[in-house]
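Grab a pencil and work through these short exercises. Each one sets a task, then walks through a solution.

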Amino acid sequence: MARTKRRTTNHAHDAIDEIDETMDEMQDGVEEAGDEALRVTHRAAGAALEAFDLFGAPMVRLLDHNRTLFQKMMQAMQEESLRFVNRRLERTGRALESTRDCRSVTGLMAVQNTWLLDFARDYSEQTTRVAEIMRGTTEESANAASEASA
């Protein structure tokens with residue numbers, strides 16, 4: 001009985017040792033798999049960053065160019081709009097001052113006619129100036145784009 005107990009104890013110890021070895025091997029396998037997964041993840045992240053750099057850098061330059069172009073266009077349009085408003089205010093002010101000297105309806109109609117002609121001329125000239133600003137900005141943008149692509 002003591003022998004059987006000893007054999008059973010030895011078998012139990014052997015089984016526990018085997019289980020410990022198997023667990024150690026499994027843990028080593030899991031660690032190796034984790035390390036390999038980490039290496040694969042790092043390679044994938046590196047490849048993704050390279051792809052982003054390949055495509056992202058030109059997109060960033062394009063967006064920056066478009067932002068700069070938009071700012072220039074808005075500044076030019078703002079300056080031109082202010083000049084236009086000032087010109088219209090001056091001409092309207094002169095027309096109002098001219099009405100003081102009118103002694104008849106005919107004179108008042110002449111002032112109104114002059115004001116309407118100035119109004120139409122100013123708006124026509126303004127449209128031409130805005131078109132020139134847009135054309136100049138577009139040409140500048142096209143030249144910059146062709147220089148960038150060269």
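**Exercise 1. Place M73 in its helix, decide whether it is buried or exposed, and find its contacts.**

Step 1: M73 sits in helix α1, residues 2–100; helices here are DSSP runs (H or I, at least four residues), numbered from the N terminus. Before going on, note that this is a predicted model, where local features need pLDDT of at least 70, side-chain atom pairs count only at pLDDT 80 or more, and totals for chains, interfaces and linings use all residues. Residues are numbered from 1 along each chain as its sequence is written, and side-chain values use heavy atoms, with hydrogens and water left out.

Step 2: check the accessibility. M73 comes out at 17%, so it counts as buried (under 20% relative accessible area is buried, over 50% exposed, in between partly exposed, with a 1.4 Å probe and protein chains only).

Step 3: look for partners. Skipping neighbours within four places in sequence, M73 touches M134 and T137, where contact means heavy atoms within 4.5 Å. M73 and T137 are 64 residues apart in sequence, yet their C-alphas are 6.7 Å apart.

**Exercise 2. Describe how the rings of F119 and Y123 pair up.**

Step 1: get the rule straight. Rings of Phe, Tyr and Trp (its six-membered ring) pair if their centres lie within 6.5 Å; planes under 30 degrees apart are stacked, over 60 edge-to-face, and the rest tilted. That gives three aromatic pairs.

Step 2: apply it. The ring centres of F119 and Y123 are 4.6 Å apart and the planes make 50°, so this pair is tilted.

Step 3: place the pair. Both residues lie in helix α2 (residues 105–149), four residues apart, or about one turn. F119 is partly exposed at 32%, and Y123 is partly exposed at 40%.

Step 4: widen the view. F84, W115, F119 and Y123 make up one aromatic cluster.

**Exercise 3. Work out which parts of the chain the D122 and R87 salt bridge links.**

Step 1: a salt bridge needs a side-chain nitrogen of Lys or Arg within 4 Å of a carboxyl oxygen of Asp or Glu. The count comes to ten.

Step 2: for D122 and R87, the closest N and O atoms are 3.9 Å apart. This pair links distant parts of the chain, with D122 in helix α2 and R87 in helix α1, 35 residues apart.

Step 3: D122 and R87 are both buried. They also belong to a salt-bridge network with R88, R91, D118 and R121.

Technical notes: Helix = DSSP H or I, 4+ residues; strand = E, 2+ residues; numbered from the N terminus.
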